[in-house]
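Here are my notes for your first read-through. Keep the 3D view open and follow along point by point.

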Amino acid sequence: MLSEVYLDNSATTVVIPEVAAAMQEALTKNYGNPSSLHRKGLDAERAITASRRIMAKACFVKEEEIFFTSGGTEANNVAIKGVARRYRRRGTHLITTKIEHPSVLYAFRALQKEGFTVTYLEVNRDGLVRTEDVMDAVQDDTVLVSVMHVNNEVGTIQPIEQIGKQLKSAKKEIIFHVDAVQSFGKLPVLPDNWQADIVSFSAHKIHGPKGVGALYCKSGITPDSLFHGGGQEKSLRPGTENTAGIVGFAEAARIAMQKREENVQHMACLRQRLLDGVKTIPNVVYNGTQEAAPHIFNLTVSGVKGEVLVHSLEEHGVYISTGSACHSHRTNPSHVLQAMGLTEKEIEASLRFSFSPYNTVEEINYALEKLRNITASLRLFTRR
Ligand SMILES: Cc1ncc(COP(=O)(O)O)c(C=O)c1O
């Protein structure tokens, strides 16, 4: 028996030893304030500069276009509110989709209260946004379009490059934001190819620490800062830098990029194994498309409550999610599955498995066996 099978890696990942070691050094040796003039300050500043270089290399952009933040949520808020407010004179219409992460959706809702109008685009049954719908929504006064790369609940990959290309050929001044929190380190993240102006990242989805993120901000794009302070990160994100967190993020990104293709292949095998296995369990439906990201797998187990399954699997050391983690303590149904057209009953019966490169086929087999047994006994129980 395996003691722990962690399959909730889209919620967060374990910090790997290499990252912890890099952070330990930053915490105990490079602890100076990067703004200080003495050697301790310079050492910390150098560590941040080296981290910025790694992040820039990972997505083929310039170092000066990378800004560190306190996570993906902050990066999304700075990108969306910062851009909308800064370029308000150009127009007040904004476009996003119905399946974005709450840190995007609620940032747009906040902007509506400031007088902006927002178009929330529909998705199809697979959770895909159509480029034509994005283009149809563009108005003369549209200033910002925000579309996520990989959806955190079902793994759908959006046609980011196509959207970017068409947006820019229709209207050069529209600012294009991409939330790449779930794709960075797994799929190629190429802001230049996408013609994206601003892209968000988070460390804890790739075996880095929680509470650290980054923003790619194309040269010439200058969002308003949400904060006022000491001028760090060119005033876009003032506040003494989280050196250890930044160093940990860069080390996690370096390792993820080094093994990216190998990792993707491995996770695709794990997903296929899970898919083959669940096909043999009665009344289980896979949500999303086969072309989805390799690390996210969403399914509906008809007639069984997802929440009950999560807790039953937990008793066997298997950790998964219902919908997204940010929603796990609320009772309303997943907005993503809703937008994909699932009924409330189907949503209630939905589960998310999400992999890391460190998961094994043995773990998937174990989780499948437990899922099969628990589902059978829960169905027997509800039929009585
Ligand atoms: C797609 C997406 N965007 C943004 C975030 C927020 O990132 P963070 O947890 O670093 O604030 C998440 C986290 O789950 C996410 O999945």
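1. Before we start on the ligand, one term: a residue counts as near a molecule if its C-beta atom, placed from the backbone, lies within 6 Å of it. Also keep in mind that this is a predicted model.

2. Now look around the ligand. It has 15 residues surrounding it, and the closest are Gly71, Gly72, Thr73, Asn152 and Ser202. Helix α3, which covers residues 72–86, gives the most to this shell, with three residues.

3. What does the shell around the ligand look like by class? It has three nonpolar, eleven polar and one charged residues. When you sort them yourself, remember that Gly goes with the polar ones in this count.

4. Next, find strand β3, residues 93–97. Why is β3 described as largely enclosed by the rest of the structure? Because five of its five residues are buried. For this step you need the cut-off: buried means that 20 or more other C-beta atoms lie within 10 Å of the residue's own. His93, Ile95 and Thr97 point one way from β3, while Leu94 and Thr96 point the other way, and all of them are buried.

5. Who are the partners of β3? On the one hand there is strand β4 (residues 117–121), which pairs with β3 in the parallel sense over five bridges. In that pairing, threonine 96 stands opposite tyrosine 120 of β4. To get from β3 to β4, the chain passes through helix α4 (residues 102–113), and this β-α-β crossover is right-handed.

6. Strand β5 (residues 142–148) also runs parallel to β3, and three bridges join the two. Here, leucine 94 is the residue to pick out: it stands opposite leucine 144 in β5.

7. Time for another sheet. As a reminder, strands of a sheet pair through backbone hydrogen bonds, either parallel or antiparallel. This one is an open sheet of three strands in the order β9-β10-β12, and the pairing is antiparallel. Its edge strands are β9 (284–287) and β12 (350–354), each of which pairs on one side only. On average, neighbouring strands here are turned by 30° against each other, ignoring direction.

8. Zoom in on strand β10 (residues 296–301). Antiparallel pairing links β10 with β12 over five bridges. Which residue in β12 is the bridge partner of threonine 300? That is serine 350.

9. Last stop: helix α9, residues 260–278. Helix α9 lies across β9, β10 and β12, and runs at about 10° to β10.

Key
Residues numbered from 1 in each chain as written. Predicted model: local features only at pLDDT ≥ 70, side-chain atom pairs only at ≥ 80, totals over all residues. Helix = DSSP H or I, 4+ residues; strand = E, 2+ residues; numbered from the N terminus. Pairing = 2+ DSSP bridges. Axes fitted to C-alpha atoms, helices over the stretch in contact; angles between N-to-C directions. Contact = placed C-beta atoms within 7 Å. Buried ≥ 20, exposed ≤ 12 C-beta atoms within 10 Å, placed from the backbone. Right-handed = clockwise from strand over helix to strand, strands pointing away.
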